[in-house]
Each structure stands twice: as C-alpha cells, then as structure tokens.
Amino acid sequence: MNLFLLHPDQRLEGDLWRLDERQSAHARTVLKLAEGDRCRAGVLNDGLGEARIESMKNNEITLSFKVDSKPPAPLPLNLVLALPRPKMLKRLLIDAASLGIKRIVLINAWKVDKSYWRTPNLKAGLLREKLLLGLEQAGDTVLPELIQAPRFRPFVEDELDGWAGPGARYLAHPGDHPALPHEQAGPATLAIGPEGGWTPFEVELLQEHGFRAHRFGTRILRVETALPALVGALMRLP
C-alpha cells in the first residue's frame, strides 16, 4: 500500500479523516507510523497530498489531509480482455489498475470456460476491491471503468466501436503477423484473448472492426505474463 486511498465517507470534519480497519492495520504493523508522522494519501476519484497522523487511539487512526496535486496521468489505452480464470482475474485487475489503464471490458470468447461467468469473483464489489488495490500500489486515485460483455458477437458488432473510440486497435495473436509496435503515444485499444487463443471467427470479426493482428515474440505466454509485457512494449508509460 503506497497510498492511503480515502473514501468520502471516511471524512470526519474539515481536514480530518479516519483510516478504515485495513488501512489502520497497515499503518501500525507495516509502515509503523506514529503520531506526527507523514504519509501519502489521496481521495478516491480526486487528488493526492501529504497526510499527517494526528491521533492513534483505541485502534483508531485519525489524520489531517488536503489535496494538493493531481493523480498520475492515465494510460491512453483501452483493454479488451477475454475473461480469464477467476484466480488470474484478480491479479490481472490489480496489474491493469497499477499500469494506469482506465477502461476495461471483460469479454467472452469461444475458449473461455462457461463456468468462469458464474463465479462469485465477478461480483461488482470484489472486482472493485482489486482495482482499488492496484490504485494503492501505483499511488493513483482514479478508479477504472470496468464492464462485462458475456456475449462476444453482440458486443463487438453493436458496442465496441463506440466504446473504443478513436485510436489504433491492436489484437494480440500469435502467428505470421507484423510485430507489435512499440511506445505508442496516442490513444489505443488492445485486445488480449484467452489462454487458448482467439478463434479464426473472433479474429476476423475483430479485424472487421479495425483491429490489426500482431505477434509478440515467439513464446506463448500466459495471460498474466502477457498483459504487463504487452502494455509495457506497446505504450509509452507516463
């Protein structure tokens, strides 16, 4: 936790805020903060600043805090991600939020196990929790937008163009394709398939909607490895 990410309901009065139970435990046991110490904090979907520990009593920690700077610049990259295994999804959302990706769609694909869509891990509260962990890791405050598209073809045909907006569209797909470009500065959308890969039909439909297939080396990577590697290679990280 590199940032105490404060929610509006944690505000007491004026510049005083109360840490929640998890934040308080981290402050005591990991950061080993004491009254008078300073630390980084931010308000969800607002700015950042320096906080001062005012009191630590009865397992409650109160701090004073004012916003004095903007959050880090977002990465101008939309992510279309075929729904991965539930355990992997948790890590991928943390990574995506840490990298500064602000718009994510979890999409179905032929090789996505149907049971994945029935997992409790897709509850909005649990997904939000992982995105918040990514923000805390990166020192960011702006929560990514996350939507689910359990029907591949209707989303691609009816919603994808409006959702993705302008910018280049890249399809990560092994094969005899051009190499993935590097250090793109402008807006872009990246589509990453399931571990079994996209089917020919899925590739063709995505290409009809402006995606260009690109290879990324000769190795077949797990999605949890491919995501940070692809984003780091494709985009110029702010």
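## A lysine in a loop

Lys32 sits in the loop that runs between helix 1 and strand 4 (38–43). This is a predicted model, and Lys32 is a friendly place to start exploring it. Is Lys32 buried or exposed? Lys32 is exposed, because its relative accessible area is 62%, and the cut-off for exposed is over 50%. Its backbone also deserves a look: the phi of Lys32 is near 55°, which is a positive value in a residue other than glycine.

Another residue to look at alongside Lys32 is Asn45. You can find Asn45 in the loop between strand 4 and strand 5 (48–57). Asn45 is not a glycine, yet it has a positive phi of about 60°. With a relative accessible area of 49%, Asn45 is partly exposed.

## The whole chain

Now step back and take in the chain as a whole. How many helices and strands does the chain have? Its secondary structure comes to seven helices and twelve strands. Measuring along the principal axes, the C-alpha trace spans about 60 × 35 × 35 Å. The chain has 238 residues, and buried ones make up 46% of them.

Contacts tell you how the chain folds back on itself. Take the contacts between residues at least 6 apart in sequence: 69% of these join residues at least 24 apart. On the outside, the chain exposes about 12,200 Å², with carbon and sulfur atoms supplying 50% of that area. As for charge, there are 31 positive and 29 negative side chains, and the centres of these two sets lie 4 Å apart.

## Helix 1 and its two sides

Helix 1 covers residues 21–29, and its buried residues are Gln23, Ser24, His26 and Ala27. Why do these buried residues line one face of the helix? Seen down the axis of helix 1, they fall within an arc of 160°, so they line one face. Strand 1 (4–6) and strand 6 (60–65) are among the parts that cover these buried residues.

Turn to the other side of helix 1 and you meet Glu21 and Thr29, which are exposed. The N-terminal end of the helix has a cap, Asp20. A side-chain oxygen of Asp20 lies 3.2 Å from the backbone nitrogen of Arg22.

## A buried glutamate

Glu136 belongs to helix 3 (residues 124–138). Its relative accessible area is 4%, so Glu136 is buried; the cut-off for buried is under 20%.

Which residues does Glu136 touch, not counting those up to four places away in sequence? They are Met1, Asn2, Leu3, Leu5 and Arg22. You have already met Arg22, whose backbone nitrogen lies 3.2 Å from a side-chain oxygen of Asp20.

## A buried tryptophan

Trp198 is in the loop between strand 11 (188–192) and helix 6 (200–208). Despite this loop position, Trp198 counts as buried, because its relative accessibility is 4%.

What is around Trp198? Leaving aside neighbours within four places in sequence, its contacts include Ala82, Ile107, Ala109, Phe152 and Leu171. Ala172, His173, Ala191, Ile192 and Gly193 are also in contact with Trp198, as are Val203 and Leu206. Finally, compare Trp198 with Trp110: the two are 88 residues apart along the chain, while their C-alpha atoms are separated by 7.5 Å.

Conventions. Residues numbered from 1 in each chain as written. Predicted model: local features only at pLDDT ≥ 70, side-chain atom pairs only at ≥ 80, totals over all residues. Heavy atoms only, no water. Helix = DSSP H or I, 4+ residues; strand = E, 2+ residues; numbered from the N terminus. Buried < 20%, exposed > 50% of the residue type's maximum accessible area, 1.4 Å probe, protein only. Contact = heavy atoms within 4.5 Å. Areas by Shrake-Rupley, 256 points an atom, 1.4 Å probe, with all protein chains shown as cover. Lys, Arg positive; Asp, Glu negative; His and termini not counted. Charge placed at Lys NZ, Arg CZ, Asp CG, Glu CD. Arc of directions from axis to C-beta. Polar contact = N/O pair within 3.5 Å; in protein donor to acceptor, adjacent residues only side chain to side chain.
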